Amino acid sequence: MNAAKPIAAISLRNTVWITLTLALIAAPHAERLPLWLTVIAAVFCGWRLYLARMRLELPARWLMIFIVAAGSAAIYLEYRTLFGRDAGVALLVLMISLKLMETRTQRDGMVLAFIGYFLVITNFFYSQSIPTALYLLACVWLITATMIGLQYTREAPPTRSQLRTAAIMLAQSAPLMIVFFILFPRMQGPLWGLPTDAFAGVTGLSDSMSPGSLNKLVFSEDVALRATFAGRLPPQNRLYWRGPVLLDFDGRTWTAAPRAMRNQIELDRRENPVRYTVTVEPHNRRWLFALDMPGTLPPRAGISVDHLLLSQVPITTRTRYEMESFLDYGIGAASNPAPARMLALPAGFNPQTRVLGQQLRAQHGNSEAIMNAALKMLRDQKFVYTLEPPLLGTHAVDEFLFETRAGFCEHFASAFVVLMRAAGVPARVVTGYLGGEYNALGDYLIVRQSDAHAWTEVWLDNRGWVRVDPTNSVSPARADGGLAAALPDGVSLPRSARASNPLIHQLALTLDSMANAWNQTVLGYNLETQRALLTRAGLDDTSWRTLAVMLIAATGVITLLLALLTLRNRAHKRDPALALYRAFCAKAARAGVVRDDAEGPLDFALRFATARPDIAPAAQAITQLYVALRYKNINKNNELHELRQRVRQFAI
Amino acid sequence: MKKINDAASQIGHIILGKDRQIRLALACMIARGHLLIEDVPGVGKTTLAHALAASLGLAFQRIQFTSDLLPADVLGVAVYNSDVSRFEFHPGPIFSQVVLADEVNRATPKAQSALLEAMEEHQVTIEGETRKLPEPFFVIATQNPSRQIGTFPLPESQLDRFLMRIELGYPDATAERALLRGEDRRDLLSQLKPCMQPADLLALQREAQQVHTSDALLDYVQALVDHTRNSAGYAGGLSPRAALALVHAARAWALLDARKHAVPEDVQAILPGVVSHRLQSATDGSSADVAARLLAAVAIP
C-alpha cells in the first residue's frame with residue numbers, strides 16, 4: 001500500500017516547513033561562518049521557496065555538481081582543511097543548503113529532516129548554555145513537526161495538531177532521554193578532540209603583562225570562575241585569586257618564567273583554612289585559580305615554585321575542583337629566592353626610577369622600610385587610579401612615577417616591582433583576580449574577567465614573600481568594594497561592575513545562578529559524578545558494560561510501557577468484528593485485492609467479486625456478517641462466532 | 001416501498017440518465033429536507049421539480065424569483081373585502097406541499113428570507129397571525145451557479161437549511177439522443193400519474209426515522225465531520241446540523257435501498273449532496289470535489 005507513496009512530490013507546505021526549520025537550526029552558525037557562506041545558504045533557501053511557490057523545475061544536476069565542487073573548494077581555501085569543527089560545520093551547512101535544491105519528493109524531505117537533527121547537534125560544539133539548549137529544543141520540536149507533516153500524503157494536517165503531536169512525541173521521549181543522560185557511559189574528557197582553534201576568541205589572563213593588557217579585560221563580562229564556600233565568605237579585600245606570576249621584565253612587558261613543578265606545597269600554614277569549590281571556565285591554559293595561598297593540590301595538578309596551581313593538561317572544558325587556602329600564610333622564608341633573577345632589570349630603561357631606588361636603599365637600609373617608604377610615596381604623591389591611563393613611552397615606569405601619575409593596577413604593580421628591584425629588594429608581579437560578586441541566590445561567588453588584577457610580592461628577610469598591593473595604597477576602595485567603587489561615576493564600565501538598575505542586576509544574578517546550576521548538574525555530569533550517583537543508588541559496579549546493560553534494559557522497559565499504553569488506548573475502541581474483518585481484508589490483500597481504508601465493506605465485496613469470482617461467495621458471506629454485526633441492530637453473539645469461523649476458513 | 005420505486009422510474013423516464021440525482025432528491029424528501037438544485041439553465045431543473053411533485057401526488061406551486069419579488073408575493077397578503085367589511089387573507093404560493101422556488105438567487109435577500117423562514121419553521125407569520133403550512137411541505141429551489149450575473153448568492157446560514165444540494169449536469173450522449181428523439185417533456189409531465197399519496201410519503205418519512213444507525217456508523221459520521229474541522233484543507237468545518245443531515249439522509253438512502261440499517265456506503269452516497277454546499281476548500285474557496293477528497297481522506301472506523 002505504501003509502495004506508491006515515497007515518490008509523491010513534496011508539497012509546497014512541506015517545503016516551506018523544512019526550509020524554514022533548517023534555516024532556524026543553522027541560524028546560530030551565521031555569526032561563526034564566513035559571510036559568503038551565510039549569504040549562499042540564505043539564497044538557496046529563498047530560491048528553493050521561490051521555485052516551490054512558482055511550481056518551477058529544480059536546477060539541473062550538472063549545475064548542482066558544479067556548485068558542490070566550487071563550494072567545497074571555497075571552504076578549503078577559507079579554512080585550509082575540510083575537517084575539524086569549523087570547516088566541518090561549514091561543509092555541512094553548504095551541503096544541506098544544496099540538498100535543499102534537489103529535494104523533490106516526500107522521501108527527500110524525510111532525509112533532509114534527519115540531517116536536520118544532526119545539524120542541531122553541531123550547535124552544541126560552540127555553546128552549551130541554557131539559552132542555546134532551549135533554542136535547540138524548540139528546533140527539535142519544529143523538525144519533528146516537519147517530519148509529522150511529511151507523513152501526510154493526502155492532505156495537509158492542521159498546523160496546531162502537527163505541533164501538538166510533535167510536542168507529545170518529545171514529551172514521550174523525555175524519560176528515555178533522562179535514562180540515557182544518567183546511564184550512558186561517560187568518557188574522560190570530551191567525546192571528540194577539540195581542534196586547536198576552539199579557544200581562539202577566549203578572553204582571559206595570559207602569562208605576560210604590558211601596559212594596557214589588563215584594562216582591556218575589564219570590559220569583558222565573561223565569567224572567569226565561580227566558587228562556592230563551605231563556611232563564611234572571606235572579606236572582599238582578601239579574595240586574591242592567584243594567577244600567573246611574572247618574573248622577567250624587558251622594559252615594557254612582564255613575562256612568566258618557565259615553571260619548575262613540585263608535587264608538594266611548601267607553606268607555613270598559619271590560620272584555619274578556607275574551604276571552597278572552584279568551577280573554572282575553560283581558558284585553554286594550564287593554570288588553576290585559587291585564593292592566596294593554596295594549601296592542597298587538585299587531582300591531576302601540580303604547583304609551581306611560585307605557588308601557581310597548574311593542571312597537567314590545558315583547561316579546555318569547564319573544570320571543577322575542591323580547594324583549601326590559607327589566607328594568612330608565609331612562603332619562601334626558609335629558601336633564598338634566587339635574588340639575581342628577582343632583582344634583574346633591563347639595562348637602559350627607566351634611569352630615574354633606578355636613581356630613586358638607590359636613594360631609597362641609601363636612606364632606609366632595610367627592605368621593609370624601603371617598601372613602606374615606596375608605598376607612602378604612592379599614597380602621598382596623589383597618584384590616580386584610572387581605567388584610561390595616558391600613553392607611556394620608552395621609559396614607561398619613569399614616566400608613570402614622575403610625570404603622569406595615573407594608571408591602572410598593572411601600572412602600579414609594574415612600577416612598584418621595578419622600584420623595589422632598583423632598591424635591591426627582590427620583588428615580582430602576580431596577576432589574577434581580586435574579589436568577585438557574591439550571588440546570594442545560589443550562594444556562590446562569581447569572578448568575572450573584569451575582576452582581573454595585578455599585585456606584587458616582595459621578599460623580606462625572615463618573612464619570605466609578602467603580598468603587597470600598591471593599587472591598594474592609592475585606591476583602597478578597589479580591594480574593598482571592587483572596580484565600580486574605585487572609579488568615579490561616569491567612567492564607562494562593564495554592566496556587571498556598575499549596578500545601574502537593581503532589578504536588572506537581580507535578574508542577571510538569577511540567570512547566572514541558573515547557569516551555574518546547569519553547569520554543575522547537567523554539563524558537569526562526568527565520569528566521577530556518574531560513578532558517585534550510581535554508587536549512592538546502590539550500584540557498586542559502574543563499568544561501561546554494566547551501564548550498557550542497564551541502558552538497554554531501561555530502554556526496553558520504557559519502550560514497552562509506552563507501547564502498552566498506546567495499545568491499551570487502541571484496544572479500548574476495538575470491536576472484535578472489526579478485528580476479524582481486518583483479518584479478512586489482510587487475506588484479501590494477499591489475493592491481490594487491497595481494500596482502501598475509506599472503502600465501504602459492501603463496495604469492497606463487489607469489487608472483490610469482480611476480481612476473484614471464484615471465492616466471491618465466501619467473501620460475500622463474511623461481508624454480510626460483518627455488516628450485520630457492525631451496522632444492524634441485532635444480538636451479536638452467534639454472528640460473531642460465525643464470522644470468526646468464516647474468516648478462519650477463508651482461503652485464497 | 002414499491003410505490004417510491006415506481007415514482008423513481010417514472011421520473012427517470014422524463015429526466016433521462018439522471019437516476020442517481022433522482023434517487024438523491026427522493027431521499028431528500030424522505031428525510032424531510034428541502035432540496036436545492038444548482039446548475040446552468042436548460043438541464044432540466046424545473047422539470048425535475050415538476051416531475052417529483054407530480055409523481056409523489058403532491059400539490060405543487062411554482063414561484064419564479066426575480067429581483068423585484070416581494071415577500072408578500074411568496075407568503076400571501078390580507079386584502080380588505082368591502083362586502084364583509086374586514087381583511088381577508090389571500091394565501092400566497094407558499095401554501096402548497098411542494099413549492100418550486102425557481103432561480104432563488106435572482107431575488108433580493110428580503111424575498112429570499114421570507115421563503116427561508118417558512119422552510120425552517122413550517123409556518124408563516126403574516127400580520128401577527130401564524131399560519132401552518134401543509135404537511136408534507138417541501139421547498140425545491142433551483143439556482144444558477146452564483147458566478148452568473150444578476151444573482152444574490154444565498155448566505156451560508158441559509159444554504160445550511162437545504163438538506164441537499166444536487167447538480168444535474170449535462171446528460172450523456174445516449175440520454176441526450178433519447179431526449180432529442182422523444183416527446184416533448186411538457187406533454188410527458190402533464191401525463192404523469194401520481195404513484196403515491198401524501199400519506200404514503202409521510203409513512204415513508206416515519207419509517208426512515210426507524211432505520212438503525214449503529215455506533216460504528218455514527219463513528220464514521222463523526223470521523224468525517226471531525227476531519228473537516230481539524231484538517232487544514234477546508235475553510236470551515238461541518239456544523240452539528242450538517243452531521244445530523246448526514247445521518248438523516250443516510251437513513252433515507254438506506255430505506256430507498258430497502259434496508260433497515262444504514263451502512264457506510266449510504267453515508268458515502270449522500271455525502272456529496274449534503275456537504276458540497278456547506279464546505280469550501282481552504283485553498284481556492286471552491287467546493288468542487290471537496291466531497292470526494294473528504295471521502296478519500298477519512299478511513300471507515
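Biologist: What word describes how H11(B) and H12(B) lie to each other?
Modeller: In this predicted model, helix H11 (residues 240-256) and helix H12 (residues 264-275) of chain B pack at an angle of about 130°, with their axes 8 Å apart. Helices (H or I, at least four residues) and strands (E, at least two) are DSSP runs numbered from the N terminus; axes are lines fitted to C-alpha atoms, for helices over the stretch in contact, with angles running from 0 to 180 degrees between N-to-C directions. Angles under 35 degrees count as roughly parallel, over 145 as roughly antiparallel, 65 to 115 as roughly perpendicular and the rest as oblique. H11(B) and H12(B) are therefore oblique.

Biologist: What kind of model is this?
Modeller: Residues are numbered from 1 along each chain as its sequence is written, while chains are lettered from A and ligands numbered from 1 in the order in which they are written. Side-chain values use heavy atoms, leaving out hydrogens and water; local features need pLDDT of at least 70, side-chain atom pairs count only at pLDDT 80 or more, totals for chains, interfaces and linings use all residues, and the model is predicted.

Biologist: Does H11(B) pass H12(B) in a left-handed or a right-handed crossing, or in other words, which hand is it?
Modeller: A crossing is left-handed if the near helix is turned anticlockwise from the far one by less than a right angle, and right-handed if clockwise. For H11(B) and H12(B) the crossing is right-handed.

Biologist: And how many residues of the contact of H11(B) with H12(B) are nonpolar?
Modeller: Contact (heavy atoms within 4.5 Å) involves residues of H11(B) including Leu246(B) and Trp253(B), and residues of H12(B) including Asp266(B) and Ile270(B). Ala, Val, Leu, Ile, Met, Phe, Trp, Tyr, Cys and Pro count as nonpolar, Asp, Glu, Lys and Arg as charged, and the others, Gly among them, as polar. In this contact no residue is polar, 1 is charged, and the number of nonpolar ones is 13.

Biologist: Let's go to the start of chain B. Which residues in H2(B) are met by H1(B)?
Modeller: Helix H1 (residues 2-14) and helix H2 (residues 19-30) of chain B pack at about 140°, with axes 10 Å apart, and are therefore oblique to each other. H1(B) passes H2(B) in a right-handed crossing. From H1(B) come Ile4(B), Asn5(B), Ala8(B), Ile11(B) and Gly12(B), and they meet Asp19(B), Ile22(B), Arg23(B), Leu26(B) and Ile30(B).

Biologist: What about chain A: how are H21(A) and H22(A) arranged relative to each other?
Modeller: Helix H21 (residues 616-631) and helix H22 (residues 637-649) of chain A pack at about 150°, and their axes are 10 Å apart. The crossing is left-handed. H21(A) and H22(A) are therefore roughly antiparallel.

Biologist: Now for empty space. Which helix gives the largest share of the lining of the largest cavity?
Modeller: A cavity is a set of points on a 1 Å grid over the protein atoms alone where a 1.4 Å probe fits but cannot get out, and lining residues have an atom within 4 Å of a point. The largest one holds about 120 Å³ (the space filled by probe spheres set on the points, which are joined across faces, edges and corners). Its lining has 15 residues, with Pro211(A), Ala396(A), Glu410(A), His411(A) and Ser414(A) nearest its centre. The largest share, 4 residues, comes from H13(A).

Biologist: Which residues line the second largest cavity?
Modeller: There are 2 cavities of 30 Å³ or more, and about 30 Å³ of space lies in the second largest. Its lining divides into 4 nonpolar, 1 polar and 1 charged. The residues are Leu345(A), Pro346(A), Phe349(A), Asn350(A), Arg354(A) and Val418(A).

Biologist: What is omega for the peptide bond from Asp292(A) to Met293(A)?
Modeller: Most peptide bonds are trans. Met293(A) lies in the loop between strand S10 (290-291) and strand S11 (301-304) of chain A. The bond to Met293(A) from Asp292(A) is cis, with omega near 5°.

Biologist: And what is the phi of Ser85(B)?
Modeller: Ser85(B) sits in the loop between strand S3 (76-81) and strand S4 (86-91) of chain B. Although Ser85(B) is not a glycine, its phi is positive, about 55°.

Conventions
1 Å grid on protein atoms, 1.4 Å probe; cavity = no way out; pocket = protein on both sides within 12 Å on 5 of 7 lines; lining within 4 Å.
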